[in-house]
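Visitor: I have a chain open here and would like to go through its side-chain contacts. Can we take it step by step?

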Amino acid sequence: MAFLDDLKNLNVSRSILHRVVTAEEANSRQGTQSARTRSETRGGGRKPYKQKKTGNARQGTIRAPHYAHGGMALAVKPRDYVKKVNKKERRLALAGALAARLNDGDVVTVDKIQFGAPRTKDAIAMLAKAGVGEARRVLVVLAEEDAVAYKSFRNIPGVEVRVAPNKEGRGQAFSTRDLLVAHKIVLAKGAIEKIEEVWANG
């Protein structure tokens, strides 16, 4: 397609790709991890033994960090890992990653990805016909959300299913990281048309 041919000439710096992928990975973190400090640990309110004449090091509580079951020093607490990347830079990184994969010959286009019923066997046959059946990681990009297609691919190891970006921002659109980590990418022609339409309109 003409859009993909034009995209091959795009050259994006690695620093932009790195910045966007780092932000994508950071934004996927939940940030809900939490550990107790010594003040939040139950027990240890009494001095375990007297200060002097025991032959032991002086201690004020058995919930100090160096004790088993004690509180944690510098305990991790819930935090927000979100990194902001502006829209133009994110779009440029996506286009650059797709251009790089096109130039490497790792992108395969198919007329459509559609199944009458959820069947893993049909999905495997489709990947084999597309010439990507032996690839360890495959990214399949659909034109739109399709529950039957998701169910057909979900039991195949190493296969990730995403949708093309749309104006409404719905669905799990592919990311820059998805494009870079996949060994082969299968694009439905409908997905290419949507990508071209959305990227052309900014």
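**Contacts and a pocket**

Guide: R19 counts as partly exposed, at 41% relative accessibility. Bear in mind that this is a predicted model.

Visitor: Which residue does R19 form a salt bridge with?

Guide: R19 pairs with E89, and their closest N and O atoms are 2.4 Å apart.

Visitor: Is E89 buried or exposed?

Guide: E89 counts as buried, because its relative accessibility is 17% and the cut-off for buried is under 20%.

Visitor: Where do the two sit in the chain?

Guide: E89 is in helix α3 (residues 87-103) and R19 in helix α2 (residues 14-27), so the salt bridge ties together parts that are 70 residues apart in sequence.

Visitor: How many salt bridges are there?

Guide: The count comes to eight. One of them joins R177 to E25, with the closest N and O atoms 2.9 Å apart. That pair links helix α6 (residues 176-181), where R177 lies, to helix α2, which holds E25, across 152 residues. R177 is partly exposed at 35% relative accessibility, and E25 is partly exposed at 38%.

Visitor: Which residues are linked in a network?

Guide: R101, D106 and K184 are linked by salt bridges in a network.

Visitor: And what does K189 pair with?

Guide: K189 forms a salt bridge with D111, the closest N and O atoms being 3.0 Å apart. K189 belongs to helix α7 (residues 189-200) and D111 to the loop between β1 and α4, 78 residues apart. D111 is exposed, with a relative accessible area of 58%, while K189 is partly exposed at 35%.

Visitor: Switching to pockets: which residues line the second largest one?

Guide: D111 is among them, along with K112, I113, Q114, L142, A143, E144, E145, D146, A188 and G190. By class, the lining has five charged, four nonpolar and two polar residues. The space in this pocket is about 160 Å³.

Visitor: How many aromatic pairs?

Guide: One. F115 and F153 meet edge-to-face, 5.6 Å centre to centre, with 70 degrees between the planes.

Visitor: What parts does the pair tie together?

Guide: F115 lies in the loop between β1 (107-110) and α4 (120-130) and F153 in helix α5 (residues 147-153), so the pair ties together parts 38 residues apart in sequence.

Visitor: Is F153 buried or exposed?

Guide: F153 counts as buried, at 0% relative accessibility. F115 is buried too, with a relative accessible area of 11%.

Visitor: Last one: what lies over the face of Y81?

Guide: R29 does, at 3.8 Å from the ring centre.

Note on methods
Residues numbered from 1 in each chain as written. Predicted model: local features only at pLDDT ≥ 70, side-chain atom pairs only at ≥ 80, totals over all residues. Heavy atoms only, no water. 1 Å grid on protein atoms, 1.4 Å probe; cavity = no way out; pocket = protein on both sides within 12 Å on 5 of 7 lines; lining within 4 Å. Points joined across faces, edges and corners; volume = space filled by probe spheres on them. Nonpolar A, V, L, I, M, F, W, Y, C, P; charged D, E, K, R; others polar. Phe/Tyr/Trp six-rings, centres within 6.5 Å; stacked < 30°, edge-to-face > 60°. Helix = DSSP H or I, 4+ residues; strand = E, 2+ residues; numbered from the N terminus. Buried < 20%, exposed > 50% of the residue type's maximum accessible area, 1.4 Å probe, protein only. Lys NZ or Arg CZ within 6 Å of the ring centre and 35° of its normal. Salt bridge = Lys/Arg side-chain N within 4 Å of Asp/Glu carboxyl O.
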